[in-house]
Amino acid sequence: MERPTGGQGGAGSNFDVVRTPEKAACGEALDSLLASGRRRVAFIGQHSDLIAGPDPGERLAAYHEALARHGVTGDERLVLPGADDRSDSYWAVTGLLQPQEPPDAIFCTTDRSAVSAIWAVRDEGLSVPHDVAVLGVGNLKEGLITRPALSTVGQPHLDFTEVVGLLFDRLAAEPPEGRELVLPWTFVRRGSI
């Protein structure tokens, strides 16, 4: 997410901004995939990730930039919606695994989608990560109980203490000027890549 500018919030305004920059962590995870020799990396995104325009979402931008850094030519047939819904993700991945050149890795922009991707890969008789690596986003606890455990990008621990603190401060008799809180994301490597 971009840093707010002008009257859009943050320091000097009358409201707070919480940012969760994710592009660098997504790039690190994708670099890890590509450094391991994966060359056909699919992208299963949310509809909001795929909206055409001059400023792609952070996750799609990280995907394209990582491919470019590793000299991999992108294949737009590998960029699909489906991360908004478990079933849509399952069927998108099943479809990707049918052509003569299936992906050897899948980057899903939600962990829910990535869990469905693991199921789809296994249902096609393939192995995660041997045949197809799977990477998610969100660091949901559900990823810990998939087999293999899901590699993901997200906050190391979901802790909203600081965010709630901002809200309580706002309820004070004289609320403070706007503040900016940055909750960094990290790459959490587990067994699916």
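Good morning. I begin with two aromatic residues: Phe43 is buried, and Tyr63 is buried as well. What I show is a predicted model, and my subject is the surroundings of Phe43.

Phe43 and Tyr63 form a tilted aromatic pair, with 5.2 Å from centre to centre and 50 degrees between the planes. Because Phe43 belongs to strand β2 and Tyr63 to helix α2, this pair ties together parts that lie 20 residues apart in sequence.

Phe43 has a further ring partner in Phe107. Their centres are 5.7 Å apart and their planes stand at 65 degrees, which is over the 60 degrees required, so this pair is edge-to-face. Here strand β2, with Phe43, is linked to strand β4, with Phe107, across 64 residues of the chain. Phe107, like Phe43, is buried. Ring pairs thus join Phe43, Tyr63 and Phe107 into a cluster. For context, the search of the whole structure finds three aromatic pairs.

Let me turn to the strand that carries Phe43. Strand β2 spans residues 41–45, and five of its five residues are buried. In a regular strand, side chains alternate between the two faces of the sheet. Which residues of β2 lie on each side? Val41, Phe43 and Gly45 are on one side, Ala42 and Ile44 are on the other, and all are buried, which leaves both faces covered.

Strand β2 also has two strand partners to consider. With β4, residues 105–108, β2 pairs in the parallel sense over four bridges; Val41 stands opposite Ala105 of β4. With β3, residues 79–81, β2 again runs parallel, joined by three bridges. In that pairing, Ile44 has Leu80 of β3 as its bridge partner.

Finally, the core. The largest nonpolar core has 45 residues, and those touching the most other members are Leu30, Tyr63, Phe107 and Leu135. The elements giving two or more residues to this core are α1, β2, α2, α3, β4, α4 and β5.

What does Phe107 touch, leaving aside residues up to four places away in sequence? Its contacts within β2 are Val41, Ala42, Phe43 and Ile44. The others are Cys26, Leu30, Arg59, Tyr63, Leu135 and Val137. Leu30, Tyr63 and Leu135 thus appear both in this list and among the core residues I named a moment ago.

To close, I return to the cluster of Phe43, Tyr63 and Phe107: Phe43 lies in β2 and Tyr63 in α2, while Phe107 lies in β4. Thank you.

Technical notes: Residues numbered from 1 in each chain as written. Predicted model: local features only at pLDDT ≥ 70, side-chain atom pairs only at ≥ 80, totals over all residues. Heavy atoms only, no water. Buried < 20%, exposed > 50% of the residue type's maximum accessible area, 1.4 Å probe, protein only. Pairing = 2+ DSSP bridges. Core = buried A, V, L, I, M, F, W, Y, C linked by side-chain atoms within 4.5 Å. Contact = heavy atoms within 4.5 Å. Phe/Tyr/Trp six-rings, centres within 6.5 Å; stacked < 30°, edge-to-face > 60°.
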